[in-house]
Amino acid sequence: MKWYSFSCLALAVILSAAGCSKSDSADSKAAPADKGAPPAAEAPKEPITLKVFETLGMTPEHFKLLIADPVKAKYPYITMERVQGSPKAIAEALAAKEQVDLFTFFNGNWGDYKDLGIVTDLKPMLNAAKADLNRFDQGALKTLTDLSKSGELYGLPYHMQFNALYYNKDLFDKFGVAYPGDGMTWEDAMELAKKMSRQEGETQYSGLTMDVWTRLTLQLGILPVNAATNKSNLTTDTFKKALEIAKQIYSIPGNPPKLGGDPFLKNKTTAMFASISLLDVLPTSGLNWDVAQYPSYKDKPNIFTQYDLHIMAISSTSKYKDDALKSMQVFLSDDVSRISTSQTGRVPLLVDPKFKEYFGSENPGLKGKKLSSIFKSKPNPNAAAFTKWHSKSYEIANKHVTEYLNDKIDLNTATRNADEEINKWIQDNP
């Protein structure tokens, strides 16, 4: 997902892991996304290439495994081409009148793509194809339809990002402290962090850090812009409550703000790291690690964030919309979703409980890890709706919150300055 912070873990927005066995390779037949869809062979067609602008970091290997090869197996005339994408890259392609057929996006930055004029309401196409949307998590679909004013569905979700608390087992063993458990509050996590924050010789060990402070606000179901009023939320008590928790974490002696992954993954001097998925990098990191449930607020137990979705959409400029929909159906089929969750550790948005059982089951790097802890938390059911100003508002907020966390300004000054700047941006960019 895209966050405007000083996190160096932008790479961790995507889950990836080991390759596939032959039985799960692209040679396997991918079932259509719709249970009632007939698998009848189609008449030969002229070859086409669909260009997919991948904006969320899916690796070329996983694109081949989950999209290109399965689509080619079912529709030999379709070649799927991965293009490294971003709103800027898509804008440049459109300006040059280049082909854009599909793209991926995070629901928080949908406004960037809406402004480009390439979002497409999939509902008419899905109705015509008799698609079974009951296969999907209905909360996720509601999150998507809430992006529009009239209930349009701009894409389909293929993965839900999760939050977890990762920990360095060697450090806990070194200092004789029990490993983190599930069900901790932030206060519990901070007490544990105090035991692990210490200096030995020239090495400073920190007890707890996180990839971005914004997850603390998402747990409370608040975003920087109120979708009902189109005004900043920064000076509200709820937003300040989240920032105060962040400040308490980084006020622990020996535990200064070090948002990002280096102290945990590279330097291995951080005991606990609260983050989105690291299952793509941890198995090869050399770290003796495990995972626990993400800490919660006392009054919101077992809530880790709001729906953080990875979505595939069809460009309004595509000449091959029907073929693009067929490729999406293959990608979101049960067979391909099983490969995705068992081998690459993605959490699909399909309601069948078997997909949780598949999770990480064919990835040797995850063997023996407490993966069940991940599923003990759920998205906030009362989360706020995203607005078109979400990306920019977090960029503005982060600038001022960073100063607060580093003791350069106080909380009221930080939130007031961010509030004024965000509201001015909204006024200037209606």
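Okay, so look at helix H11 with me: Asp 323, Ala 324, Leu 325, Lys 326, Ser 327, Met 328, Gln 329, Val 330 and Phe 331 are buried there. That's nine of 11 residues in H11, so the helix is mostly covered. Keep in mind that this is a predicted model.

So which helix does H11 cross? H1, residues 60-74, meets H11, residues 321-331, with the two axes coming within 9 Å and crossing at roughly 110°. That puts H1 roughly perpendicular to H11, since anything from 65 to 115 degrees goes in that bin. As for handedness, the crossing of H1 and H11 is right-handed. If you want to click on the side that H1 brings, pick Leu 66, Ile 67, Pro 70, Val 71 and Lys 74; on H11, pick Ser 327, Val 330 and Phe 331. Sort the residues of that H1 and H11 contact by class and you get six nonpolar, one polar and one charged.

Now slide along to H12, residues 334-343. Seven of its 10 residues are buried, so H12 is largely enclosed by the rest of the structure. Which ones are buried? In H12 they're Val 336, Ser 337, Ile 339, Ser 340, Thr 341, Ser 342 and Gln 343. And what's sitting over them? The cover on the buried residues of H12 includes H1, H11 and helix H13, which is 354-358. So H1 and H11, the crossing pair from a moment ago, turn up again as part of the cover on H12. After H12 comes Gly 345, and its phi is positive, near 75°.

Let me zoom in on H13, because there's a residue there that ties back to H12. Tyr 358 is in H13, and it touches Arg 338, Thr 341 and Ser 342, if you don't count residues up to four places away in sequence. Thr 341 and Ser 342 were both on the buried list for H12. Tyr 358 and Ser 337 are 21 residues apart in sequence, and C-alpha to C-alpha they're 9.6 Å apart in space. Is Tyr 358 itself buried or partly exposed? It counts as partly exposed, at 24% relative accessibility; the cut-off for buried is under 20%.

Second helix pair. H7 is residues 186-196, H9 is residues 237-250, and their axes come within 10 Å and cross at roughly 15°. So H7 is roughly parallel to H9, the cut-off being under 35 degrees. This crossing, H7 with H9, is right-handed. From H7, Trp 186, Glu 187 and Met 190 meet Ile 245, Gln 248 and Ile 249 of H9. By class, the H7 and H9 contact comes out as four nonpolar, one polar and one charged.

Over to the C-terminal end of the numbering. Glu 421 lies in helix H15, and it's partly exposed, with a relative accessible area of 30%. Leaving out neighbours within four places in sequence, Glu 421 is in contact with Ile 396, Lys 399 and His 400. There's also Ala 397, which is 24 residues from Glu 421 in sequence and 8.6 Å from it in space, C-alpha to C-alpha.

While we're here, the loop between H14, 390-405, and H15, 411-428, holds Asp 407. Its phi is worth a look, because most residues other than glycine have a negative phi. What's the phi of Asp 407? It's near 65°, a positive value in a residue other than glycine. At 62% relative accessibility, Asp 407 counts as exposed.

There's another residue like that on my list. Lys 268 has a phi near 60°, again positive and again not a glycine. Lys 268 is in the loop between helix H10, 262-266, and strand S10, 270-276. At 27% relative accessibility, though, Lys 268 counts as partly exposed.

Okay, zooming all the way out. The chain has 15 helices and 14 strands. Of its 430 residues, 55% count as buried. How much surface does the chain expose? About 17800 Å², with carbon and sulfur atoms supplying 50% of it. And for anyone thinking about contact maps: take contacts with a separation of 6 or more, and residues 24 or more positions apart account for 79% of them.

That's my tour, happy to rotate the model.

Note on methods:
Residues numbered from 1 in each chain as written. Predicted model: local features only at pLDDT ≥ 70, side-chain atom pairs only at ≥ 80, totals over all residues. Heavy atoms only, no water. Axes fitted to C-alpha atoms, helices over the stretch in contact; angles between N-to-C directions. Helix = DSSP H or I, 4+ residues; strand = E, 2+ residues; numbered from the N terminus. Parallel < 35°, antiparallel > 145°, perpendicular 65-115°, else oblique. Left-handed = near helix turned anticlockwise from the far one by under 90°. Contact = heavy atoms within 4.5 Å. Nonpolar A, V, L, I, M, F, W, Y, C, P; charged D, E, K, R; others polar. Buried < 20%, exposed > 50% of the residue type's maximum accessible area, 1.4 Å probe, protein only. Areas by Shrake-Rupley, 256 points an atom, 1.4 Å probe, with all protein chains shown as cover.
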